[in-house]
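Trainee: Please take me through a close look at one part of this model, namely any cavity enclosed within it, and set that part in the context of the whole chain. I would like each cut-off to be stated where its term comes up.

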Amino acid sequence: MKNTQLILVGGFLGAGKTTILKQTAARLKKQGKAVGLITNDQATDLVDTTVLQGSGDAVEEVSGSCFCCNFNGFADAIDAVTEAIGDGGVVVADPARLQKILDGTHATASYIMSKQFDESDIILINKIDTLSEASQGDLLRQTAERWPKSKVMLASAKEGEGLAQWLEAVTKAQPVGANLAEVDYDIYADGEAAYGWLNATYTFGESDGDYKAAAANFLQMLGNDLSQAGAAIGHVKFLLQTKGYQYLGNLTGEADTATLSREAAEADAVTLTVNARAEVGLDALQKIVLKAIDKAFDAFTPVDTSIRTLIPGRPNPTYHYDRVI
């Protein structure tokens, strides 16, 4: 069996991790390398897993807890896709949220994000296509000053910019995991508990409805309704699969950040998968999401539904590092 490298990609909600993984997998395959991907979330029915499986790569999912709290599940997933001999740790950063942390104006989840950056080998600032060159330079400088032990890099997963340089850096043989941070898990848990989590799946009967219009309307309604409710959006993503196309919607931050893409695909049934993370109570989140689904997909008849809501519990890591050797 060939030895392979394990690359760990972390980051807060909406930073662009899945897009980077998909783009990176495609680049590695062009180099003639086999790729395995492992997704993680607190709940099942993940849009990310389905999207990545569409690339034809080996994909495993560890759900129900974070990797650190289910390390054995993570190890089993690694065994299922590869034999790992080394790793590189990268934390992906959304520039708007990163700037708020640097300015001290992001309160709710700033502790979680700061600890991720504290322990990173590489901080990859994504979405630089949304910044001017001057803003890119300022953010790069401020981040490097705040986290001097981490290598700071810029990228745009959407445009493909900077990914080749990041991939070259992260796949080089080098010491990793040397930055350990003290974590107060009570504060960490409070940050996670501020967000309601909802995963929903709908299977619809055959319909002559306009799938693209329904997907666009759903994304707009959901973004507007969450904003009107004063619910800070961590990340909302959905996947509408049909027998001809699939529609992938993303919403991070404000409603005007919504993106919707379409690509050819074949599914056995018309299904909608929604993963919503927002700073609002579970009852309110469920009411907002289901209302948007009912309105946007009123021309479709649901034949099966599954709805799960949760607030992540206090982290309880399987293992702890006590020192760097």
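Mentor: What follows begins with the whole chain, turns to the cavity and its surroundings, and ends with a pocket for comparison.

This is a predicted model, in which local features need pLDDT of at least 70 and side-chain atom pairs count only at pLDDT 80 or more, while totals for chains, interfaces and linings use all residues. Residues are numbered from 1 along each chain as its sequence is written, and side-chain values use heavy atoms, with hydrogens and water left out.

The protein chain has 10 helices and 12 strands, taken as DSSP runs (H or I, at least four residues, for helices; E, at least two, for strands) and numbered from the N terminus. Its radius of gyration is 20 Å, which agrees with the value near 20 Å that a compact globule of 325 residues would have; that radius is taken over C-alpha atoms, and the globule rule is 2.2 Å times the number of residues to the power 0.38. Of the 325 residues, 45% count as buried, where buried means under 20% relative accessible area, exposed over 50%, and partly exposed in between, with a 1.4 Å probe and protein chains only. Among contacts (heavy atoms within 4.5 Å) between residues at least 6 apart in sequence, 75% join residues at least 24 apart.

The count comes to 1 cavity of 30 Å³ or more, and about 60 Å³ of space lies in the largest cavity. On a 1 Å grid over the protein atoms alone, a cavity is a set of points where a 1.4 Å probe fits but cannot get out, whereas a pocket is an open set with protein on both sides within 12 Å along at least five of seven lines; lining residues have an atom within 4 Å of a point. Grid points are joined across faces, edges and corners, and a volume is the space filled by probe spheres set on the points.

Phe 12, Leu 13, Ala 15, Val 92, Ala 93, Asp 94, Arg 97, Leu 98, Met 113, Gln 116 and Phe 117 line the largest cavity. The elements that give two or more residues to this lining are β4 (84–93), α4 (95–103) and α5 (110–118), and α5 supplies the largest share, 3 residues. By class, the lining has 8 nonpolar, 1 polar and 2 charged residues, with Ala, Val, Leu, Ile, Met, Phe, Trp, Tyr, Cys and Pro counted as nonpolar, Asp, Glu, Lys and Arg as charged, and the others, Gly among them, as polar.

One lining residue, Leu 98, leads on to Thr 143, which sits in helix α6. Thr 143 is buried, with a relative accessible area of 0%. Not counting residues up to four places away in sequence, Thr 143 touches Leu 98, Leu 102, Ile 123, Ile 125 and Val 152. Lys 127 lies in the loop between β5 (122–125) and α6 (133–146); Lys 127 also counts as buried, at 18% relative accessibility, and has a positive phi of about 65 degrees although it is not a glycine. Most residues other than glycine have a negative phi.

For comparison, about 170 Å³ of space lies in the second largest pocket. Of the 16 residues lining that pocket, the closest to its centre are Thr 50, Gly 54, Gln 241, Gln 246 and Ala 265. The lining of the second largest pocket has 5 nonpolar, 7 polar and 4 charged residues, and α2 gives the most to it, with 3 residues.
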